Amino acid sequence: MAQTSNDIKNGSVINLDGKLWTVIEFQHVKPGKGPAFVRTKIKEVLTGKIVDKTFNAGMKMEFETVDNRTLQYSYKDGDNFVFMDMTTYDQVFIPETLIGDSEKFLLEGTDCIVSFHEGNPLSVELPASVILTVAHTEPGLQGNRSSAGTKPATMETGAEIQVPLFINEGERLKVDTRTGDYLGREN
């Protein structure tokens, strides 16, 4: 559906040059001299690239409809990840390329937000943090240092993160899925 740049809102999805972009921020600017314009910060849906772009006010634009659904991760099947829609019990196959590095934080039964456009999956968003069990870590040794030390730990999914020295194998930890940082022990 064709609309104008005056209709831009946060979260809108627009089609520019055949690519889908999500509006992160927008600002309508009416200078004292000259025509009004819309300054935006947009993110490409497929690659995640963020760009600042300015549009003339009233410029015709293609707005797209993107359907966000909560799906539960079931299992990996070859190069695809299988997610289940818990309302219809339909299985959705998501290509490995859409998951990317997030795979190391994906546990069976994790609820994720999957974005669809015209029935095709566009992106998968994991929860901000997940609870993972430490599969392997060396025992922490206290020594002479001025600040708290860290050591590598391998989680049950294969992710390797830095944890404090007091963490032992078998402990359940809260891990940030965006940065891979240790957030604390499970409460």
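Domain 1 and domain 2 bury about 430 Å² between them, and 72% of that area lies on carbon and sulfur atoms. Leu-20, Val-45 and Glu-64 are worth finding on the domain 1 side: these three supply 68% of the area that domain 1 buries against domain 2, more than any other three residues. Keep in mind as you look that this is a predicted model.

What classes of residue does domain 1 bring to this contact? The side that touches domain 2 has four nonpolar residues and one charged residue, with no polar ones. As for links across the interface of domain 1 and domain 2, the rule finds zero salt bridges. There is, however, one residue pair in polar contact across this interface, with both residues at pLDDT 80 or more.

Now step back to see where these domains sit in the chain. The domain assignment places domain 1 at residues 12-64, domain 2 at 66-125 and domain 3 at 130-185. In the contact between domain 1 and domain 2, five residues come from domain 1 and five from domain 2. The C-alpha centres of domain 1 and domain 2 are 28 Å apart.

Finally, take in the whole protein. How many helices and strands does the protein have? You can trace one helix and 16 strands. Along its principal axes, the C-alpha trace spans about 65 × 50 × 25 Å. The radius of gyration of the protein is 22 Å, whereas a compact globule of 187 residues would have one near 16 Å.

How values were computed: Residues numbered from 1 in each chain as written. Predicted model: local features only at pLDDT ≥ 70, side-chain atom pairs only at ≥ 80, totals over all residues. Heavy atoms only, no water. Domains from an automatic or database assignment. Contact = heavy atoms within 4.5 Å. Buried area = accessible area lost by both parts, 1.4 Å probe. Salt bridge = Lys/Arg side-chain N within 4 Å of Asp/Glu carboxyl O. Polar contact = N/O pair within 3.5 Å; in protein donor to acceptor, adjacent residues only side chain to side chain. Nonpolar A, V, L, I, M, F, W, Y, C, P; charged D, E, K, R; others polar. Helix = DSSP H or I, 4+ residues; strand = E, 2+ residues; numbered from the N terminus. Rg over C-alpha atoms; globule rule 2.2 N^0.38 Å.
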